[in-house]
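Colleague: I am new to this structure and should like to understand the terms used to describe it. May I ask for the reasoning behind each of them?

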Amino acid sequence: MKKIEFNTGWYFSRQDMGENLTLAHGQAIALPHTWNAKDGTDGGNDYHRGRCWYVKKFPRPILEAGEEAWLEFEGAAMTAVVTLNGAELIRHEGGYSAFRVELTPFLKFENLLAVSVDNSANETVYPQKADFTFYGGLYRDVNLLIVPKAHFALDRMGSPMLKVTPVVSEDLASATVAVEAWVSGPAESMVFTVDGQEQTASVSCGKAQAVFGLIHPHLWDGLDDPYLYTAHARIPGGDEVEVQFGCRRFAIDPERGFLLNNRPYRLIGAARHQDRARLGNALTRAEHEEDIAILLEMGVTSVRLAHYQHAQYFYDLCDQHGLIAWAEIPCITEHLTNARANALSQMEELVSQCYNHPSIFCWGLSNEITVAGGVTEELVETHRQLNDLCHKLDPTRPTAMAHAFMLNPDDPLVALPDVSSYNLYYGWYLGELEQNDQFFDGFHAKHPDMPIGLSEYGADANPAYQSSRPEKGDWTEGYQALYHEHMLKLWAQRPYIWCMYCWNGFDFAADGRDEGGKPGQNQKGLVTFDRTIKKDAFYIYKAYLNREPFVHLCGRRYKNRVEPETEIKVYSNLSCVTLFVDGKEFATQAGDKVFRFTVPIQGEHIIEAQAGAYSDSMMIRKVDQPDSSYVKEGGDVVNWFDKPEELAREGYYSILDSMAELKKSPAAGAVLAKIMEKASASYGDVAKNVQLPEAVQRQMDQMPLQKLLAQAGRAVGPDMVRQLNAALNQIPRQEEN
């Protein structure tokens with residue numbers, strides 16, 4: 001097989017050209033390309049969603065007798081129609097998987113190739129509702145494939161043509177490696193080679209297969225030793241192909257968590273979206289390589305590749321570096337009643353195309369799919385079929401789901417896949433950090449035989465926002481760091497949590513957002529959208545997970561400080577840190593990962609932290625007035641909450657009371673219901689369909705109302721809060737019975 005890059009010489013047009021296919025009105029571009037690189041990342045939820053065109057002229061490729069020409073599209077978002085010389089060749093629905101189409105019967109001396117790509121809203125192709133931008137375009141490579149008359153089948157769901165199934169014995173002393181390949185054209189036999197062993201297999205009904213035995217296989221062992229074997233297949237007198245694979249054994253235990261090669265191997269890491277500032281999702285290998293390098297520096301053992309099939313090159317990088325990967329399809333937020341066939345098709349493509357990657361350990365069926373409409377029988381049936389399809393295509397890997405926090409843990413949907421996990425945002429969107437601990441302790445006690453993981457958790461942070469007293473909802477870099485300090489302690493104390501994925505490794509585009517000073521972005525990433533800033537929270541993960549010694553000073557972007565004594569926080573994976581102020585030793589602490597020093601300041605100071613041979617330094621200064629650039633828009637709500645004497649009125653209700661207390665009074669409850677109705681309206685239809693489990697609602701009811709209002713952000717502004725508190729101040733407290 002000859003593989004020829006087909007990325008240059010394209011012309012792009014936003015105009016729907018219909019049958020009038022020419023280059024005349026197009027813009028010359030090279031692939032990969034998306035038309036939403038700018039408008040899909042700048043906020044406003046107004047990015048272009050529609051049908052656009054990619055057109056290319058090319059001469060007939062030189063073909064030997066019997067050879068065929070095919071095109072391979074590695075990704076076309078979301079629905080693509082390929083036309084050659086006016087003849088429609090294929091329609092592909094699904095923006096994240098590869099597909100191929102034969103050109104040979106339609107080739108002329110000069111050829112006009114036109115690809116319409118459509119990311120319009122519809123009811124039949126996932127995804128349609130989610131917190132990220134649905135980029136449109138030919139955003140991955142396109143390749144021209146030239147194959148001989150007898151060649152491996154190219155029309156099998158975009159698969160790599162050679163399927164390898166390694167099964168390692170329980171004692172790890174041996175492995176069987178089954179290889180399968182499908183062919184087109186005249187072929188009577190096929191030669192397979194694995195680890196120096198060669199077998200010739202006959203072709204029957206277009207398929208050949210063989211089984212190899214390995215004694216004391218060299219295991220693919222995660223970060224410690226990601227060893228890869230090569231399997232090779234050759235059709236005598238025809239085509240040949242090779243793929244890499246790994247031999248490993250894994251299991252998920254409800255008490256011991258994830259097991260790799262019979263030992264506990266904790267899966268902890270981050271989720272990743274495949275996009276970048278100024279590029280959108282049209283990434284090159286350089287961006288993929290940078291992302292994997294950042295994750296490896298962080299020290300993660302695993303990565304959740306959300307919320308769709310990622311580029312094959314990134315799965316390759318996970319294989320090569322030993323990162324264990326969660327792979328999933330874009331069934332997210334809203335179950336589409338007319339899209340079951342598309343969900344099944346996207347799952348078949350994911351499994352078929354990614355089957356050989358040893359890094360992939362599970363197939364994700366959906367993410368928070370109950371948010372927009374709850375649990376319905378039609379939704380459950382779709383997931384049953386997805387689950388069965390995965391087991392049919394791949395009996396070696398478990399299925400998984402990522403459930404929204406509001407799904408009752410006792411709902412049968414939780415137990416439908418092989419393993420389950422939850423997306424929890426206590427301490428950010430609602431509730432307090434400790435409720436994450438309560439959730440897991442409660443779930444594990446009630447369901448001791450059910451593996452449970454944490455598939456998402458996080459807090460937004462704009463690194464420009466700083467505070468001496470970071471609080472939930474303030475979008476400061478400091479609160480995000482405190483949040484993740486807590487979550488890592490939670491994880492360290494509970495080995496039964498089989499996976500834990502921070503949401504997110506990197507800020508990403510969500511054009512519908514306008515929060516935290518950066519419209520068009522979800523800022524829960526530990527690294528900024530352009531990858532130029534690693535936020536402080538990144539380094540607490542490095543302290544827990546990375547074995548290479550380091551020391552990091554937090555708060556380097558908090559330069560202007562009004563407090564006369566300030567906290568200097570240090571993260572390190574070493575056990576002793578010495579702090580220097582203006583070159584003089586200030587104090588030495590022994591500790592574990594987090595070190596805190598209280599330092600008096602006046603004027604400018606150079607702060608340096610040393611741990612062994614490692615050091616970090618920064619400059620801070622004492623100022624008289626707070627730096628207004630450190631506070632998010634609307635931050636005065638939080639500041640006002642800092643003055644309880646302005647809120648309380650003796651003998652009357654206020655926002656300092658819990659929701660449970662307020663609900664005891666019909667009058668206070670009515671005021672509360674009115675404000676909650678206004679807040680809910682600001683969040684749209686999704687909020688109207690959210691039903692909290694009874695246990696979660698009880699926890700929420702015990703919280704002071706002011707904390708809930710602080711997190712509501714733009715939905716409940718300062719004036720509304722003041723009016724609410726003033727109204728409650730007029731309602732006498734109910735006497736206790």
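Modeller: Certainly; please bear in mind that this is a predicted model. A suitable starting point is Glu74, which has a relative accessibility of 26% and counts as partly exposed.

Colleague: Why is Glu74 called partly exposed?

Modeller: Buried requires under 20% and exposed requires over 50%. Glu74 stands at 26% relative accessibility, and therefore it counts as partly exposed.

Colleague: Where is Glu74 found, and which residues is Glu74 in contact with, leaving aside its neighbours within four places in sequence?

Modeller: Glu74 is found in the loop between strand 5 (68-73) and strand 6 (79-84). With neighbours within four places set aside, its contacts are Lys3, Ser97, Ala98, Arg140, Asp141 and Asn143. For a sense of distance, Glu74 and Gly591 are 49 Å apart in space, C-alpha to C-alpha, and 517 residues apart in sequence.

Colleague: What makes helix 1 oblique to helix 7?

Modeller: The axes of helix 1 (residues 285-298) and helix 7 (residues 536-545) cross at roughly 60° and come within 7 Å. Angles under 35 degrees count as roughly parallel, and 65 to 115 as roughly perpendicular. The crossing angle therefore makes helix 1 oblique to helix 7.

Colleague: Which residues meet there, and how are they classed?

Modeller: From helix 1, Ile294, Glu297 and Met298 meet Phe538, Tyr539, Tyr541, Lys542 and Leu545 of helix 7. By class, this contact has six nonpolar, no polar and two charged residues.

Colleague: Which residues touch the most other members of the largest nonpolar core?

Modeller: That core has 103 residues, and those touching the most other members are Met347, Trp363, Phe440, Tyr541, Leu705 and Leu728. Another core, of 34 residues, lies apart from it, with Ala208, Ala210, Leu219 and Ile235 among its members. Beyond its neighbours within four places in sequence, Phe440 is in contact with residues including Leu424, Ile452, Leu454 and Tyr496.

Colleague: How many helices and strands does the chain have, and how do you know that it is as compact as a globular protein of that length?

Modeller: The chain has 14 helices and 41 strands. Its radius of gyration is 28 Å, and the globule rule gives 27 Å for 737 residues; the two are close, so the chain is as compact as a globular protein of that length. The C-alpha atoms fill a box of roughly 90 × 60 × 55 Å along the principal axes.

Colleague: How much of the chain counts as buried?

Modeller: Of its 737 residues, 58% count as buried.

Key: Residues numbered from 1 in each chain as written. Predicted model: local features only at pLDDT ≥ 70, side-chain atom pairs only at ≥ 80, totals over all residues. Heavy atoms only, no water. Axes fitted to C-alpha atoms, helices over the stretch in contact; angles between N-to-C directions. Helix = DSSP H or I, 4+ residues; strand = E, 2+ residues; numbered from the N terminus. Parallel < 35°, antiparallel > 145°, perpendicular 65-115°, else oblique. Contact = heavy atoms within 4.5 Å. Nonpolar A, V, L, I, M, F, W, Y, C, P; charged D, E, K, R; others polar. Buried < 20%, exposed > 50% of the residue type's maximum accessible area, 1.4 Å probe, protein only. Core = buried A, V, L, I, M, F, W, Y, C linked by side-chain atoms within 4.5 Å. Rg over C-alpha atoms; globule rule 2.2 N^0.38 Å.
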